Amino acid sequence: MKTRYSFGGDEHIFVEVDEEMSLEAFFTSLSMTNAVKESRIKGVTEICPANASLQIKFDPDVIAPDDLLAELKRLEGAAAAAESTVNTRIIEIPVFYGDPWTHETLMRFRERHQDPSGTDLQYAARINGYASVEAFIAAHAGSPWFVTMVGFVAGLPFMYQMVERSKQIQVPKYLRPRTDTPKLTVGHGGCFGCIYSVRGAGGYQLFGITPMPIYDPNQEISYLRDFMIFFKPGDIVKFKPVDRDGYDAAVQAVETGRFDPLIRPTTFSLEAFHADPAGTNKKLLEVLRGA
Amino acid sequence: MALEILKSGLSTTVQDLGRPGYYHLGIPLSGGMDRYALAAANLLVGNDDGDAVLEAVFLGPEIRFTADATIAVAGAELPPKIDGVDQPTWTTLAIKAGQTLSFGFLKSGARAYIAVAGGIDVPLVLGSRSTYPLGALGGHEGRALKAGDTLQVGTAKRSVRAGSTVAADLRRAAGTSPVLRVLPGLYWNRITEAAGRNFFDDTWKVAPEADRIGYRFRGGRPLAFVPREQPFGAGSDPSNIVDSCYPYGSIQVPGGTEPIVLHRDAVSGGGYFMIGTVISADMDVIGQLQPHQTMRFEAVDMTAALAARRERAAQAARLKSSLA
């Protein structure tokens, strides 16, 4: 990993922790984000952590760009040495894989896809070496995912699959981005999973849909009353496959204010995960099940 | 005092100076794309320079006023009319109860700012009245206005004499062959030296896909990439990166073909590389570009970017004192 700094015009500094994605790069960007926050540098107006980088917005009328750059470089050492254990939470997200709504969308934009003859699930299963769509879904829903960035649009989580790199699902983005994606679509691009928080354009492959809203600007949904956005970086997600009946029941529960997402507090240690990924994931799932 | 929207125009939204602080969660700044014109319209009616106004793009709305009001239109040359009678832009206008404000055809620029003394009174959401339609947030019901909508107006703060006007040298020219100044950086090193030169030598044309999220440009030569093995997690196209944040004004070039400059309703991050960022002083200019208009990008360094920023601030200060 080699940290790279670049100015984004006269109001942003971009800090790339690493060119490639890894949980180490994410943890370094997160501790650097925290270090910048805690240092309360005058003129810094917002800090945006991303998967393997971060972006700092500043007011050059308050701090000279080069002075801020020097401050950030000074903080880099402290951030790299920070402990890679976080207190976080694990959340179960129901997913209706291969649902009719994302199916309709992916068929509508077929000419923009690498393989117009099949579906996104069939394509992703094949290029990742799975014998069937069912086996692919089992892998997708089998391990937890780490939220390593929130953004693109309001409240959209980017998620990193918590398995060894050789087992991580990877797919290209659409050849040309779609102009439409259903709200709450579960998608995948590069090595990242995502949940589209709102309806709109997108380039990720479409796998399914969740009945659980993750963004509510009106703050009417029970678990979004305190804040309109559900996810934050560091959250851990476990997908749970549901069928049409399970999906419909959950949608109805959301509408009547009875949907209660399964959320448990937990601790995550990067060292422990690398020492034993399968064992760490098993423990996380026990926490989720309340065992 | 209320505004009754009779016709919506193409896309008319409530905007102020924006909603800072939530970009790290994917909620962009929003706010007027041409902040200078937004401030001018406000000052002409005795508002604070960041009060909420209407931003109309290409085609103006039609609005009936339920009470006497002081109004002004600044920015694009979108000629205002009161009950069908032509009125000047960049000028304080008096409108009577029951009269209708409408607009002629756009002459130059893209976005007109319609200020009403007292400001448009929609609820503050996360500290701003700006509309972010993609997130159905802020403004009037989180969306562009529709015929039949009614907007409330706040209480006027100061009275301004009708006929007050912004001096010609303080009106920003919208529509003269524009140049956007760019600080190269971010993933600039991904393209070849020749591609970098071509980007600034070529003349570009604003594409029809130009909105508050970003402006797309066409007509320049495609960018050639420095070959590399794609980093893990980035995706296979040479223009892909591990998804990162996108600065406001950053220039991404998906596939190396059509540059997109992100603006006030920017997507906060994604997986396309960026070659640099339009300097803050030139962001307002983008808001006044029309599709099919030709323009160029010009490389500048940080010293020039900061000098341009000071110049813009000085002009805004002159505007303010001239209308005080």
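This section describes the domain arrangement, the chain contact, the nonpolar core and selected local features of a predicted two-chain model.

Residues are numbered from 1 along each chain as its sequence is written, and chains are lettered from A and ligands numbered from 1 in the order in which they are written. As the model is predicted, local features need pLDDT of at least 70 and side-chain atom pairs count only at pLDDT 80 or more, whereas totals for chains, interfaces and linings use all residues. The model scores ipTM 0.96 and pTM 0.96. For chain B, the average pLDDT (the predictor's confidence in each residue, from 0 to 100) is 96, and 99% of the residues score at least 70.

Chain B comprises domain 1 (2–170) and domain 2 (179–315), with bounds that come from an automatic or database domain assignment. The C-alpha centres of the two domains of chain B are 29 Å apart. Across this boundary, 19 residues of domain 1 of chain B are in contact (C-beta atoms, placed from the backbone, within 7 Å) with 14 residues of domain 2 of chain B. Helix H1 (35–44), strand E5 (69–77) and strand E10 (108–116) of chain B each supply at least two residues of the side of domain 1 that touches domain 2. Helices (H or I, at least four residues) and strands (E, at least two) are DSSP runs numbered from the N terminus. E10(B) gives the most to this side of domain 1, with three residues. The composition of that side is 10 nonpolar, six polar and three charged residues, where Ala, Val, Leu, Ile, Met, Phe, Trp, Tyr, Cys and Pro count as nonpolar, Asp, Glu, Lys and Arg as charged, and the others, Gly among them, as polar.

The contact between the chains takes 42 residues from chain B and 43 residues from chain A. On the side of chain B that touches chain A, two or more residues are given by each of strand E15 (240–245), strand E18 (269–272), strand E19 (274–278) and helix H4 (302–322) of chain B. E15(B) provides the largest share of this side, five residues. By class, the side of chain B that touches chain A has 21 nonpolar, 19 polar and two charged residues.

The largest nonpolar core contains 173 residues, of which Ala40(B) and Ala41(B) touch the most other members. Such a core is a set of buried Ala, Val, Leu, Ile, Met, Phe, Trp, Tyr and Cys residues joined through C-beta atoms within 7 Å. A residue is buried if 20 or more other C-beta atoms lie within 10 Å of its own, exposed if 12 or fewer, and partly exposed in between, with C-beta atoms placed from the backbone. H1(B) contributes the largest share of this core, eight residues. Helix H1(B) is largely enclosed by the rest of the structure, because 10 of its 10 residues are buried; among them are Arg35(B) and Asn42(B). The cover over the buried residues of H1(B) includes strand E2 (12–15), strand E3 (53–57), E5, E10, helix H3 (283–286) and H4 of chain B. Beyond its neighbours within four places in sequence, Ala41(B) is in contact with Val53(B), Ala72(B), Val73(B), Ala74(B), Tyr113(B), Ile114(B) and Ala115(B). Gly46(B), which follows H1(B), has a positive phi near 85°.

In strand E9 (residues 100–103) of chain B the side chains alternate: Leu101(B) and Phe103(B) point to one face and are buried, while Thr100(B) and Ser102(B) point to the other and are not. E9(B) pairs (at least two DSSP bridges between the strands) with strand E4 (residues 62–65) of chain B in the antiparallel sense over two bridges, and Ile63(B) has Leu101(B) as its bridge partner. Strand E6 (residues 80–82) of chain B also runs antiparallel to E9(B), joined by three bridges, with Lys81(B) opposite Ser102(B).

In chain A, six of the six residues of strand E6 (residues 145–150) are buried. E6(A) pairs in the antiparallel sense with strand E7 (residues 157–161) of chain A over five bridges, and Trp145(A) has Gln161(A) as its bridge partner. These two strands form a hairpin with six residues between them, and Gly151(A) in the turn has a positive phi of about 160°. Two bridges join E6(A) to the antiparallel strand E11 (residues 236–241) of chain A, where Ile236(A) stands opposite Phe146(A).
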